[in-house]
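The exercises below go from the whole chain to single residues. Try each task on the structure before reading its solution.

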Amino acid sequence: MNPTHRKAPLLAPSLLAADFGNLQAETERLASSAADWLHFDVMDGRFVPNISFGIPVLEAVHRYAKQPIDVHLMIAEPQHYLSAFRDAGASILTVHYEACTHLHRVIQQIKQLGCRAGVALNPHTPVSMLEDVAADLDVVLVMSVNPGFGGQSFIPNTLRKVAQLKELLVDSGSQALIEVDGGVTLDNAPALVAAGADVLVAGSFVFKNGDPVGTLARMRAELAPEALEPNN
Ligand SMILES: O=C(CO)[C@@H](O)[C@H](O)COP(=O)(O)O
Ligand SMILES: [Fe+2]
């Protein structure tokens with residue numbers, strides 16, 4: 001692919017890796033960073049074996065956020081909580097394919113609430129499962145780790161999966177963005193962008209060196225179309 005035809009990916013730092021004791025300060029410093037979205041990971045201890053944070057914390061973050069909040073619902077029966085997350089400040093609401101018996105209905109509910117609708121796929125779920133809903137989606141989130149924890153290693157098969165998903169979206173006339181989440185670093189990001197990723201979520205890589213603003217600026221610069229090698 002000609003690098004001049006590539007688009008810079010959107011950057012979505014995951015607040016799961018931020019300092020929870022200073023969420024106001026963390027959110028405020030991201031306000032003037034290269035972040036395009038703020039990624040907000042909700043875990044319920046049922047769908048995933050971990051519990052993170054929920055509606056009141058989203059409400060608090062939303063008070064200080066300047067970017068759209070991208071809410072990743074790793075919860076069972078998400079249909080019961082969609083309007084509460086919308087009211088608390090979600091712009092993008094992403095549910096898991098594996099958590100929804102009536103996925104088509106849930107997607108319509110999200111759109112009726114005025115949010116952008118996303119569906120996430122676990123590493124074991126093939127992209128073909130989205131064939132019949134692809135045209136209705138705003139975002140497909142490809143998990144590049146098993147959901148539930150930050151700081152895990154990127155699963156290499158994700159690259160193949162992103163390329164397959166890109167093809168499926170083009171074939172279905174879908175405008176959905178491809179978001180990749182889990183173990184994203186500057187080592188794997190150029191290949192993800194080349195495979196078709198539009199949005200990159202990064203938690204540990206952005207926060208763990210203590211300089212999220214600097215790291216996001218570096219990501220923005222190194223992932224600019226003119227900085228990417230043709231065969232990345
Ligand atoms: O949804 C999840 C994990 O379940 C992610 O959003 C993580 O928060 C990303 O963190 P890193 O893998 O980048 O540390
Ligand atoms: Fe996430």
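**Exercise 1. Overall build**

Task: Determine what share of the residues of the chain is buried, and judge whether the radius of gyration agrees with that of a compact globule.

Solution. This is a predicted model.
- Step 1: Of the 232 residues in the chain, 44% count as buried.
- Step 2: For 232 residues, a compact globule would have a radius of gyration near 17 Å. The chain has 16 Å, so the two agree.
- Step 3: The C-alpha trace spans about 45 × 40 × 30 Å along its principal axes.
- Step 4: The secondary structure consists of eight helices and eight strands.
- Step 5: Take the contacts between residues at least 6 apart in sequence; 67% of them join residues at least 24 apart.

**Exercise 2. The two annotated positions**

Task: Find where UniProt places the feature "active site", and work out why these positions gather at one spot.

Solution.
- Step 1: The UniProt record, an unreviewed entry, puts "active site" at D41 and D181.
- Step 2: These positions span 141 residues in sequence, yet their C-alpha atoms are not more than 10.5 Å apart, so they gather at one spot.
- Step 3: D41 belongs to strand 2, whereas D181 is part of strand 7, residues 177–181.

**Exercise 3. Burial and contacts of D41 and D181**

Task: Classify D41 as buried or exposed, do likewise for D181, and list the contacts of each, leaving aside neighbours within four places in sequence.

Solution.
- Step 1: The cut-off for a buried residue is 20 or more other C-beta atoms within 10 Å.
- Step 2: D41 has 24 other C-beta atoms within 10 Å and is therefore buried.
- Step 3: D181 has 25 C-beta neighbours inside 10 Å, so D181 counts as buried too.
- Step 4: Beyond its sequence neighbours within four places, D41 contacts S14, L16, S52, H72 and M74.
- Step 5: With the same exclusion, D181 contacts H72, L141, M143, S144 and V201.
- Step 6: H72 thus appears in both lists.

**Exercise 4. The shell around ligand 1**

Task: Describe how many residues surround ligand 1, which elements supply them, and what classes they fall into.

Solution.
- Step 1: Ligand 1 is surrounded by 23 residues, the closest being S14, L16, G150, G203 and S204.
- Step 2: At least two shell residues come from each of strand 2 (38–43), strand 3 (69–74), strand 8 (199–202) and helix 7 (204–207).
- Step 3: Sorted by class, the shell holds ten nonpolar, eleven polar and two charged residues.
- Step 4: Compare with Exercise 3: S14 and L16, listed there as contacts of D41, are among the residues closest to ligand 1.

How values were computed: Residues are numbered from 1 along each chain as its sequence is written. Chains are lettered from A and ligands numbered from 1 in the order in which they are written. This is a predicted model: local features need pLDDT of at least 70, side-chain atom pairs count only at pLDDT 80 or more; totals for chains, interfaces and linings use all residues. A residue is near a molecule or strand if its C-beta atom, placed from the backbone, lies within 6 Å of it. Helices (H or I, at least four residues) and strands (E, at least two) are DSSP runs, numbered from the N terminus. Ala, Val, Leu, Ile, Met, Phe, Trp, Tyr, Cys and Pro count as nonpolar, Asp, Glu, Lys and Arg as charged, and the others, Gly among them, as polar. The radius of gyration is taken over C-alpha atoms; the globule rule is 2.2 Å times the number of residues to the power 0.38. A residue is buried if 20 or more other C-beta atoms lie within 10 Å of its own, exposed if 12 or fewer, and partly exposed in between; C-beta atoms are placed from the backbone. Two residues are in contact if their C-beta atoms, placed from the backbone, lie within 7 Å. UniProt positions are given in the numbering used here, feature names are shortened, and annotations may be inferred rather than shown by experiment.
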